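Dear colleague,

I am passing on the structure we spoke about, so that you can have it open while you read. My notes on what was found in it follow below.

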Amino acid sequence: MIAAIKLVLVYFLMQIIGALFAGPFCLLYAYFVCGSFDMDMAREIAVAPTMLLGFVFMGLYLWRKNYLTGDKHLYSPVSLPYLAWSLLAGMASMYIIAVLMSELTFLPDLLDQTFDLLQSGWLGILCISVLGPILEELLFRGAITKELLRRYSPAKAILLSGLIFGIFHLNPAQIISACLIGFLLAWLYYKTRSLMACILIHIMNNGLSVYLSLKHPEIEDMTHLLRNPYAVVWVVVFIVLLLLSLKKLNKYNMSETNTTTEL
């Protein structure tokens, strides 16, 4: 548990270091654009570069500490059936969680403006939808969940992994949803020790969120895509699909999932 908390704290430290690296360059850029050292503009410009540098520094840290090396399963492809059922479980979970969160709108979104800034440029969009999911899976499943599984029972390790992932977001509007999807991602990692399905689900989740925010700003969340007289039916359908996919996934073992041969 201490190792897991340490890794989270190191991540925040790397973001701070990223800000220290990006800040001066962004301030100079603001000076050349505005003719003065505009701190507000510099902060806005620095959001995406800071995040990117934080990802790079954290990735290097994980690599140097051997969290990302020496594990033949970590980057291995999973079988196509397992991957398909995993993505179905991820999509179903995303919708069910969105329904739940649509009833918890009283939770404050402390990072709303930050996400708007990130989504205003291609670098920020890339960080949110692709680079962030990859780095977070390397950190939370490839390093933290791995460490927890070494020290605790699978059930306790998965529970702790999801809770840490949720709290890590530090945003009331995200904590519950991140915990819930974190439980699924930790379980998928436990089943295979591969990050393939986890990364794809994470990218799918973040990418869809960014797409809806940019292309359909009038849509508050994923549930509005299926907002119709049969909304309750859709909830039941996705619950059934989730349970079915989890049942199918539970039948696979590590040797079966780490092959591309059809089962």
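At what angle do α5 and α6 pack, and how far apart are their axes? In this model, which is predicted, the two helices pack at an angle of about 145 degrees, and 9 Å separates their axes. The crossing of α5 and α6 is right-handed. On the α5 side the residues that take part are E136, F140, R141, T145, L148 and L149, and they meet P154, A157, L160, S161, I164, F165 and F168 of α6. Sorted by class, this contact has nine nonpolar, two polar and two charged residues.

Turning to the interior, the largest nonpolar core has 60 residues, and the members that touch the most others are L7, M58, L62, L139, F140, I144 and L188. At least two residues of this core come from each of α1, α2, α3, α5, α6, α7, α8 and α9, and the largest share, ten residues, is supplied by α5. If residues up to four places away in sequence are not counted, I144 touches A4, L7, V8 and L139.

Finally, α8 may be worth a look on your screen. With 20 residues, α8 reaches 28 Å from its first C-alpha to its last, which is close to the 28 Å expected at 1.5 Å a residue. The buried residues in α8 are A197, C198, I199, I201, H202, N206, V210 and L212, and what covers them includes α3, α5, α6 and α7.

With best wishes

Definitions and conventions:
Residues numbered from 1 in each chain as written. Predicted model: local features only at pLDDT ≥ 70, side-chain atom pairs only at ≥ 80, totals over all residues. Heavy atoms only, no water. Core = buried A, V, L, I, M, F, W, Y, C linked by side-chain atoms within 4.5 Å. Buried < 20%, exposed > 50% of the residue type's maximum accessible area, 1.4 Å probe, protein only. Helix = DSSP H or I, 4+ residues; strand = E, 2+ residues; numbered from the N terminus. Contact = heavy atoms within 4.5 Å. Axes fitted to C-alpha atoms, helices over the stretch in contact; angles between N-to-C directions. Left-handed = near helix turned anticlockwise from the far one by under 90°. Nonpolar A, V, L, I, M, F, W, Y, C, P; charged D, E, K, R; others polar. Expected span 1.5 Å × (residues − 1).
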